[in-house]
Amino acid sequence: MIKKRTFGTSASKLLIAVFFLAAVIYPLCTLLFKLKDADLKKIFSSPLVGSSIVHSVVVSLTATVISVTLAFVLAWCMMRTRAKLKPLFRVLLILPMLVPSISHGMGLVILFGANGKITRLLGLSNGLYGFWGIVIGSVMYSFPVAYLMICDILQYENAAPYEAAAVLGIPKASRLTAITLPYLRKPLINVFFATFTMIVTDYGVPLMVGGSYKTLPVIMYEEVIGRLNFDQGAVFGTLLLIPAVLAFLADIFCKNRANLVVTKPFKIEKSPLRDTIATIIPALVSAAVVYPIFSFVQLTFAQKYPIDMSFTWHNIEATVDKGAMSYLGNSIIIALGVSVLGTVIAFISAYLTSRVPSKSTRILHLLSITSLAIPGMVLGLSYVLAFKGSFIYGTFAILILVNSIHFFSSPYLLFYNSMSKLSGDLEAVGATLGVSRLHMIFDVFVPTLKSTILESFSYFFVNCMMTISAVSFLANAFTRPVALMINQFEAQMQLEAAAFVSVAILAVNLALKGIIALIKHFTKRRTRKV
């Protein structure tokens, strides 16, 4: 029985490892081997390439500092105060995560472009393009992720040291430097690198509002999509791997070693002034988040932006006639396929690495989190180079595979952390009673981790609906996701149609979030009855 268990788990580990070698390592190696065909001297001697690298670093650092600072303030308001309307703010503050980054750029064009609402209202001569346009769009796109990460950090902070410091009469300023900052230092490094990587590898916002201020992802997009220059694209892709690899190393070496078990939760006392400020700040940020989305809705039904804003159904009808519903169906098919495949593989991988320790476990764990270090654009290009001409190229299968890998690491770590917290004696008890691992998984682990499974499914689905980076190089006329239509309509100056596509993606993601919330609610009610 023991030999059978050992053989089964070893075979499963080998199968998962082969999957990652074929789906991650092989495409990445293909991309790196392509560098030998590129004229590196010519590429790096180009002033445009040099300036785009500098632009990417400067704009990303600026946006990251603002984004992480804003996220910290919002997380503090939600976790350390008695601010009002918290449930509403929790929904509104994550809305930017439910639409593509290019939609945030389009929102800035609608509001602050040359013919934008606010531009015309204030009588400005120029729109918000270039450096500050990219910074603002990038902050809108990235701060919700940083906010959720910091909220997760703060909920595990122990209140006992603060209470001890208060009893000893230590001033609040000293508590900040002696307790808070040391606790947050390592996790915040993680948040900073993760946010920086999101921004520096994004091309949606710079493509919409960058103007002549070119960043490296935009140059890569233009070379590969516009000129089919895969050699130069491979060089830019390799450069974009550098910050992502640094973030990957930071994630490994800057883990918070503190005990994650909260020995004493925070008891938040009333403070009228503090709580009022903590309500105003999320309210202002929520308004800034909702207004561009409201502009999408308004623009969807506008006769001709910005000349005639009267109501019409024509934009929706014209967009549907161009195949929007078919492409939306493609997106849903891809998202469902990725959600099922990704969740199953993430669950199995996490079980093998957290519950079946062996010499190979560390290798499998590293393979499972490797995709953290690969930006979507780089992964998409590597798939083009690795699988062009194969039987899966140009099919839904390759889009499902690339998205499963692109978004794999976060759900995997979610499962890994959840399974690590369960009792280590479960398998031993099962073996003593003659219960197979398969029965243990379905009878114990799956019911226990229902909430985590739903979160994983939701994460894969929402991100697949709005991603444009990994799939932009791989989709064709038959498999094209609806998010790519935003690029097309924007290039044709059909902002009304692009706005409708953004609203459609948001509606589908909100519907999925609502379904997941209902399932969780009824599951909790059933558990309480039992």
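A residue counts as buried when its relative accessible area is under 20%, as exposed when it is over 50%, and as partly exposed in between. Keep that scale in mind as we walk through this structure, which is a predicted model.

Let us try the scale on a pair of charged residues. Glu 222 and Lys 214 form a salt bridge, and their closest N and O atoms are 2.8 Å apart. Are these partners buried or exposed, or something in between? Glu 222 has a relative accessible area of 24%, so it is partly exposed. Lys 214 also comes out as partly exposed, with a relative accessible area of 24%.

Now look at helix 11, which spans residues 216-226. This helix is mostly covered, since eight of its 11 residues are buried. Among the buried residues are Leu 216, Pro 217, Tyr 221 and Glu 223. Just after helix 11 you will meet Leu 228, which takes a positive phi of about 55°.

Pro 217 leads us to our next stop, because it is one of the residues that line the largest cavity. Rolling a probe the size of a water molecule over the atoms shows where empty space is left. The structure holds one cavity of 30 Å³ or more, and the largest cavity contains about 50 Å³ of space. Its lining also includes Ser 56, Val 59, Ser 60, Ile 134, Asp 202 and Thr 215. Which helix gives the most to this lining? Helix 3 does, with three residues. Helix 7 (131-155) and helix 9 (172-200) each supply at least two residues as well. By character, the lining divides into six nonpolar residues, four polar and one charged.

Helix 3 also takes us out to the surface. Val 54, Val 57, Val 58 and Leu 61 make a nonpolar surface patch of about 290 Å². Leu 61 has its place in helix 3, and at 38% relative accessibility it counts as partly exposed.

Helix 3 and helix 9 turn up once more at the second largest pocket. This pocket has a volume of about 790 Å³. Of the 20 residues that line it, the closest to its centre are Arg 80, Tyr 162, Lys 172, Arg 175 and Phe 266. The elements that give two or more residues to the lining are helix 3, helix 8 (160-167) and helix 9. Here helix 9 gives the most, with five residues. The lining of this pocket divides into 11 nonpolar residues, one polar and eight charged.

To finish, let us return to salt bridges. How many does a search of the whole structure find? The search finds five, and two more of them deserve a visit. In one, the side chains of Asp 275 and Arg 274 meet at 2.9 Å, N to O. Asp 275 counts as buried at 9% relative accessibility, whereas Arg 274 counts as partly exposed at 22%.

In the other, Lys 520 pairs with Glu 455, with the closest N and O atoms 2.1 Å apart. Lys 520 lies in helix 24 (residues 495-529) and Glu 455 in helix 22 (residues 450-466), so this pair ties together parts that are 65 residues apart in sequence. Both partners are partly exposed: Lys 520 has a relative accessible area of 22%, and Glu 455 has one of 32%.

Conventions
Residues numbered from 1 in each chain as written. Predicted model: local features only at pLDDT ≥ 70, side-chain atom pairs only at ≥ 80, totals over all residues. Heavy atoms only, no water. 1 Å grid on protein atoms, 1.4 Å probe; cavity = no way out; pocket = protein on both sides within 12 Å on 5 of 7 lines; lining within 4 Å. Points joined across faces, edges and corners; volume = space filled by probe spheres on them. Helix = DSSP H or I, 4+ residues; strand = E, 2+ residues; numbered from the N terminus. Nonpolar A, V, L, I, M, F, W, Y, C, P; charged D, E, K, R; others polar. Salt bridge = Lys/Arg side-chain N within 4 Å of Asp/Glu carboxyl O. Buried < 20%, exposed > 50% of the residue type's maximum accessible area, 1.4 Å probe, protein only. Patch = residues over 30% accessible without salt bridge, like charges linked within 9 Å, V, L, I, M, F, W, Y side chains within 5 Å. Areas by Shrake-Rupley, 256 points an atom, 1.4 Å probe, with all protein chains shown as cover.
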